[in-house]
Amino acid sequence: MPLFEKARVEVYLPDLPKRTYQDLLNALDQEFSYTFGGCTIIRGLDGSYFSQAGLKLQDRITLIYTDTPYGFKENFEIISRYADKLRESAFQALEEEAILVVVHQVYHSA
């Protein structure tokens, strides 16, 4: 069976018990479900990063991702703008110095 190229969009969010974080996760869940037909949420991941102050910080992370119906290469500009808007929305909703939005190719079997 042939494989079909898709673009996967991933958003890595701090896993904090604040309402704004849960509201953003719920909004992304709705966005991905209505726009692309569904999403996956993985909670309780461990992470770390260097802050702007140069300190290594531990973080609990929630990952939410979806696979778009778009081929990565042919729709690079559209997908890039979409990822930028997601990141911008996350920064507006949260008080964070870093939000990671990742887009990469995945291949689905038919």
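Me: How many residues does helix H1 have, and what span is expected at 1.5 Å a residue?

Reply: This is a predicted model, by the way. Helix H1 runs over residues 19-36, so 18 residues in total, and the expected span is 1.5 Å times one less than that number. That gives 26 Å, and H1 reaches 25 Å from its first C-alpha to its last, which is close to the expectation.

Me: What makes the buried residues of H1 a single side of the helix?

Reply: The buried ones are Tyr-21, Leu-24, Leu-25, Leu-28, Phe-32 and Phe-36. They cover an arc of only 100 degrees around the axis, so they sit on the same side of H1. In general, an α-helix has 3.6 residues a turn, so residues three or four places apart point the same way.

Me: And what covers them, and which residues are exposed on the other side?

Reply: The cover includes strand S1 (3-14), S2, S3 and helix H2 (76-93). On the other side of H1 you'll find Arg-19, Gln-30 and Tyr-34 exposed. Just after the helix, Gly-37 takes a positive phi of about 95 degrees.

Me: Why is the Phe-32 and Phe-36 pair called tilted?

Reply: The whole structure has four aromatic pairs. In this one the ring centres are 6.4 Å apart, and rings pair if their centres lie within 6.5 Å, so Phe-32 and Phe-36 make the cut. Their planes are at 45 degrees, neither under 30 (stacked) nor over 60 (edge-to-face), so the pair is tilted. Both residues lie in H1, four residues apart, about one turn of the helix. Both are buried, too.

Me: Then what makes Phe-72 and Phe-76 edge-to-face?

Reply: Their centres are 5.7 Å apart, within the 6.5 Å limit, and their planes are at 75 degrees, over 60, so edge-to-face is the right label.

Me: How do you know whether Phe-72 and Phe-76 are buried, partly exposed or exposed?

Reply: Phe-72 has a relative accessible area of 16%, and buried means under 20%, so Phe-72 is buried. Phe-76 has 44%, which falls between 20% and 50%, so Phe-76 is partly exposed.

Me: Which residues do ring pairs link into a cluster?

Reply: Phe-32, Phe-36, Tyr-70 and Tyr-82.

Me: Last one: why does Ser-51 count as buried?

Reply: Ser-51 is found in the loop between strand S2 (40-50) and strand S3 (56-67). Its relative accessibility is 11%, under the 20% cut-off, so Ser-51 counts as buried. Leaving aside residues up to four places away in sequence, Ser-51 touches Leu-57 and Glu-97.

How values were computed:
Residues numbered from 1 in each chain as written. Predicted model: local features only at pLDDT ≥ 70, side-chain atom pairs only at ≥ 80, totals over all residues. Heavy atoms only, no water. Helix = DSSP H or I, 4+ residues; strand = E, 2+ residues; numbered from the N terminus. Buried < 20%, exposed > 50% of the residue type's maximum accessible area, 1.4 Å probe, protein only. Contact = heavy atoms within 4.5 Å. Arc of directions from axis to C-beta. Phe/Tyr/Trp six-rings, centres within 6.5 Å; stacked < 30°, edge-to-face > 60°.
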